[in-house]
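Work through these exercises with the model open beside you. Try each task before reading its solution.

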Amino acid sequence: MANPNILTSTSVTGVSAVSSALASSPNDIFGAVASGKVWRIVNLTAVNLTASAATITLSIGAAGHTQGSGTTILYQYSVAGSSTFDVVNKDEPLYLQENQVVRATTNTASSLNLLITYEEIT
């Protein structure tokens, strides 16, 4: 299915979700293939749940992509202990097409969560 023309959208639904970044391998944290939807990500915040710094890498590509086959948008960024970092904000949103997913990895298991606020457009 093709990406919908957002100028003729029939539905825009606001959603917030939380996902964990994995240390062992990248995980698809957001997006769905062949959904017929476009997502406008208005907030993507990395939340460090530990007292120590942890790094995060984010990429966009097809489901199950590798860092080499996707597009890296943030590479080994260090998030200070017990703090947050806004990767995407409402002033600079990110559009994710139907055939794309966001993947995340961290250097420390159970250290980072990602808070995502987005509009699902159909």
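The exercises below use a predicted model.

**Exercise 1. The core**

Find the largest nonpolar core and state which strands supply at least two residues of it.

*Solution.*
- Step 1. The largest nonpolar core holds 22 residues.
- Step 2. Look for those with the most contacts inside it: Ile-29, Phe-30, Ile-41, Ile-56, Leu-58, Val-102 and Leu-114.
- Step 3. Assign the core to strands. At least two residues come from each of β2 (27–30), β3 (38–48), β4 (54–61), β5 (71–79), β7 (94–96), β8 (101–106) and β9 (112–121).
- Step 4. Take Phe-30 and set aside neighbours within four places in sequence. Phe-30 then contacts Trp-39, Ile-41, Leu-96, Gln-100, Val-101, Val-102, Ile-116 and Tyr-118.

**Exercise 2. The partners of β3**

Determine how β3 pairs with β9, β7 and β6, and how many of its residues are buried.

*Solution.*
- Step 1. Start with β9. Ten bridges join it to β3, and the two strands run antiparallel. In this pairing Thr-45 has Leu-115 of β9 as its bridge partner.
- Step 2. Move to β7. It pairs with β3 over three bridges, again in the antiparallel sense. Here Arg-40 stands opposite Tyr-95.
- Step 3. Add β6, residues 84–88. Four bridges join this strand to β3, and they run antiparallel. Thr-45 stands opposite Asp-86 of β6.
- Step 4. Check burial. Nine of the eleven residues of β3 are buried, leaving the strand mostly covered.

**Exercise 3. The aromatic pair**

Search the whole structure for aromatic pairs, then classify what you find by its geometry.

*Solution.*
- Step 1. The search of the whole structure yields one aromatic pair.
- Step 2. Its rings belong to Tyr-77 and Phe-85, with centres 4.0 Å apart and planes at 25°.
- Step 3. Planes under 30 degrees apart count as stacked. The Tyr-77 and Phe-85 pair is therefore stacked.
- Step 4. Test exposure. Tyr-77 has a relative accessible area of 32% and is partly exposed. Phe-85, at 22%, also counts as partly exposed.

**Exercise 4. The salt bridges**

List the salt bridges and say where in the chain the residues of each one lie.

*Solution.*
- Step 1. The count comes to two salt bridges.
- Step 2. Glu-120 pairs with Lys-37, and their closest N and O atoms are 3.3 Å apart. This pair links distant parts of the chain: Glu-120 is in strand β9, Lys-37 is in the loop between β2 and β3, and 83 residues separate them.
- Step 3. The other bridge joins the side chains of Glu-119 and Arg-40, at 3.5 Å from N to O. Glu-119 lies in strand β9 and Arg-40 in strand β3, so the pair ties together parts 79 residues apart in sequence.
- Step 4. Compare with the surface. Lys-37 is partly exposed at 24% relative accessible area. Glu-119 is partly exposed at 26%.

**Exercise 5. Two buried threonines**

Locate Thr-57 and Thr-106, and identify the backbone atom that the side chain of each one meets.

*Solution.*
- Step 1. Thr-57 lies in strand β4. Buried means under 20% relative accessible area. At 9%, Thr-57 is therefore buried.
- Step 2. A polar atom of the Thr-57 side chain lies 2.9 Å from the backbone nitrogen of Gln-76.
- Step 3. Thr-106 sits in strand β8. With a relative accessible area of 6%, Thr-106 is buried.
- Step 4. A polar atom of the Thr-106 side chain lies 2.8 Å from the backbone oxygen of Thr-55.
- Step 5. Leave out residues up to four places away in sequence. Thr-106 then touches Ala-21, Leu-22, Ala-23, Ala-54, Thr-55, Ser-111 and Leu-112.
- Step 6. Return to Thr-57. Its C-alpha atom is 9.1 Å from that of Ala-21, 36 residues away along the chain.

**Exercise 6. Positive phi**

Examine the backbone of Gln-76 and Ser-110, and place each residue in the fold.

*Solution.*
- Step 1. Gln-76 is not a glycine, yet its phi is positive, at about 45°. It lies in strand β5.
- Step 2. Gln-76 counts as partly exposed at 47% relative accessibility.
- Step 3. Ser-110 also has a positive phi, near 60°. Its place is in the loop between β8 and β9.
- Step 4. Ser-110 counts as exposed at 66% relative accessibility.

Key: Residues are numbered from 1 along each chain as its sequence is written. This is a predicted model: local features need pLDDT of at least 70, side-chain atom pairs count only at pLDDT 80 or more; totals for chains, interfaces and linings use all residues. Side-chain values use heavy atoms; hydrogens and water are left out. A nonpolar core is a set of buried Ala, Val, Leu, Ile, Met, Phe, Trp, Tyr and Cys residues joined through side-chain atoms within 4.5 Å. Buried means under 20% relative accessible area, exposed over 50%, partly exposed in between (1.4 Å probe, protein chains only). Contact means heavy atoms within 4.5 Å. Two strands pair if DSSP finds at least two bridges between them. Rings of Phe, Tyr and Trp (its six-membered ring) pair if their centres lie within 6.5 Å; planes under 30 degrees apart count as stacked, over 60 as edge-to-face and the rest as tilted. A salt bridge is a side-chain nitrogen of Lys or Arg within 4 Å of a carboxyl oxygen of Asp or Glu. A polar contact is a pair of N or O atoms within 3.5 Å; within protein, one must be able to donate a hydrogen and the other to accept it, and residues adjacent in sequence count only if both atoms are side-chain atoms.
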